[in-house]
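User: I have a model to go through and would like some short answers. Please take the questions one at a time.
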Amino acid sequence: MFGASVPVTSGPYWTNISGTPGQMPPAEDEGNMVWDSTDGYLLHFGGDYDNESQLAEVEFNYTYTFLHGTWTNVSGGPEPPSRTSAMMSDDPSAGGVILFGGEALVPHHTYFLNDTWLWTAGAWQNITPVHSPPPTDWGSMAYDAALGAVVLFGGDNQTSEYSNQTWTFSGGAWHQIFPTTLPPGREAQEMVYDSAASELVMFGGENALDLNDTWTFSAGNWAPTSAGNHPGARVGAGLAYDNATGQVELFGGNPAPDDYYANWFFSNGAWTEYNLTNDPPNPSNPWQRMVFDPVDNYTVLFYTVSAALHPQTWTLTVPSGAPPPPPPPPPGRLYVLLDATPSEINLTHSTTFTAVVVPLDASDRYAYSTVPQGCTGQNASSFQCTPTEVGHFVVGVNVTAPNGSHGAAVTSLNVVQNATSPPGTSAGNSNTSSIWWIVIAVVIVIAIFLIFAVARRRKKSPPPPPAFSPPPPPTPPPSAP
């Protein structure tokens, strides 16, 4: 190892090992970096560089490896075309690393890609199948060891700017899957596999706003985690899984919130914040380039501090047992009801989704799934939308409270082609009445519960036993005459 000396400490610490700039990949943004478990080194590919002096953007297709503190340029032979914002994942079942999609730049035009490449035995192979996800960039992709497949989520594609599609890649083929619960659509989020929990962990990204929610993927389904203390909203944060300590590590992100110099560790369903010394400078642009190196037992961060400076390579070392994993969040449950009013509408009409939550907290987070196009789920207890597709939809909502309690509910919405008599016209009053009857019923149940609780508190205790009183002294005998 070269660069700064390793500090003597029992806690996590950063070390700058940048060395000679010429030994590293070129200064770039939005490249990709993963650990190749088959060949046993870190693999870096692609990215772009904004040449401000020439008002031009340059994209790369260089391939580098990193091991024992040394970068090596292994470019040559058939290679994927230059690109940025691609998705890359280790795939031990395929014997290498999978690269998918991204954004390519030609003069006066930018377009998305959906080609699939495999890095194996030191060379790239184009293995694009006939059936593939739509051309996509800025999604997240990681290998799910429990599932035995690479999982791709979200991104900006031809179907939606903020996709919520989930795809898997195994046996040389892509398959779209349809989990019962889906995170809201997003792009520029990060995702890693948590070996200790046997699940994928996904954080942040953006849709209409920057996001700071955490989702896990296990046994083919998505689930939101508890809120609690968590990192601020951001895109492109550095995210890695430390195999030695069994924790997910997060650093930086863009735009830089107040805590962007903080280091966050996630395990047992909860985030813990640690403020360390000697942090990497200007950590607003890790962009998928923070990876744990199990050979040298540290996490590697590669990024460009600014356009005027050379790129830098840092390592984050977490000694065994520091920091300790936080305790699991306390169990909790919310009672949730969801309704669409009206529940049957014409294509050109609107409906309102309303979630009733008991107990209710103003900071509850709402994540809607399987909503029709035109009805992007919002973080709100109620929202109105106008669907842009017909069909029968079973819409779900997952609600998470600040203390970690959570609950879910579903409702149905039927969208039909325009008819002479809009189906929503007559159904609106009955549906509005139905949800208010539900609300009234919930209130009555809560009131009865409170009445019994108060009655138990006011129940009179049994009277205390009578106080002890000693018997009166005997009457003295009459005196003798």
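User: Leaving aside neighbours within four places in sequence, which residues is Y366 in contact with?
Analyst: This is a predicted model. Y366 touches A355, V357 and L360, and also Q378, N379, A380 and S381. The list of contacts ends with V397, N398 and V399.

User: Which residues have the most contacts inside the largest nonpolar core?
Analyst: That core has 21 residues. Y366 is one of those with the most contacts inside it. The full set is V336, L338, F353, Y366, Y368, V397 and V399.

User: Which element gives the most to this core?
Analyst: The elements that give two or more residues are β29 (335-341), β31 (351-358), β32 (365-369), β33 (382-385), β34 (391-400) and β35 (406-416). With four residues, the top contributor is β34.

User: Is S140 buried or exposed?
Analyst: S140 sits in strand β13 (residues 140-144). Its relative accessibility is 2%. The cut-off for buried is under 20%, so S140 counts as buried.

User: Which side chain forms a polar contact with that of S140?
Analyst: Beyond four places in sequence, S140 is in contact with M87, V151, L152, F153, Q189, E190, M191 and M202. A 2.9 Å polar contact links the side chain of S140 to that of one of these, Q189.

User: Is N207 buried or exposed?
Analyst: N207 lies in a loop, between β19 (199-203) and β20 (214-218). Not counting residues up to four places away, N207 touches Y162, P184 and G185. Its relative accessible area is 16%. Buried means under 20%, so N207 is buried.

User: How far apart in space are P26 and Y303, C-alpha to C-alpha?
Analyst: P26 is in the loop between β1 (13-16) and β2 (32-36). Outside its near sequence neighbours, P26 contacts F60, Y62, Y64, F302 and P311. P26 and Y303 are 277 residues apart in sequence, but their C-alpha separation is 9.7 Å.

User: Where is confidence lowest, and where is it highest?
Analyst: The mean pLDDT of the protein is 81, and 77% of its residues reach 70 or more. Helix α1 (residues 423-458) is lowest, at a mean of 51. The highest value, 98, belongs to strand β14 (residues 149-153).

User: How many contacts beyond near neighbours in sequence does the stretch 452-474 have?
Analyst: Residues 1-8 stay under 50 in pLDDT, and the model has 17 contacts for them beyond four places in sequence. Residues 452-474 are also below 50. Where pLDDT is low, predicted coordinates should not be read in detail. For 452-474, the number of such contacts is zero.

Terms used: Residues numbered from 1 in each chain as written. Predicted model: local features only at pLDDT ≥ 70, side-chain atom pairs only at ≥ 80, totals over all residues. Heavy atoms only, no water. Contact = heavy atoms within 4.5 Å. Buried < 20%, exposed > 50% of the residue type's maximum accessible area, 1.4 Å probe, protein only. Polar contact = N/O pair within 3.5 Å; in protein donor to acceptor, adjacent residues only side chain to side chain. pLDDT = per-residue confidence, 0-100. Core = buried A, V, L, I, M, F, W, Y, C linked by side-chain atoms within 4.5 Å.
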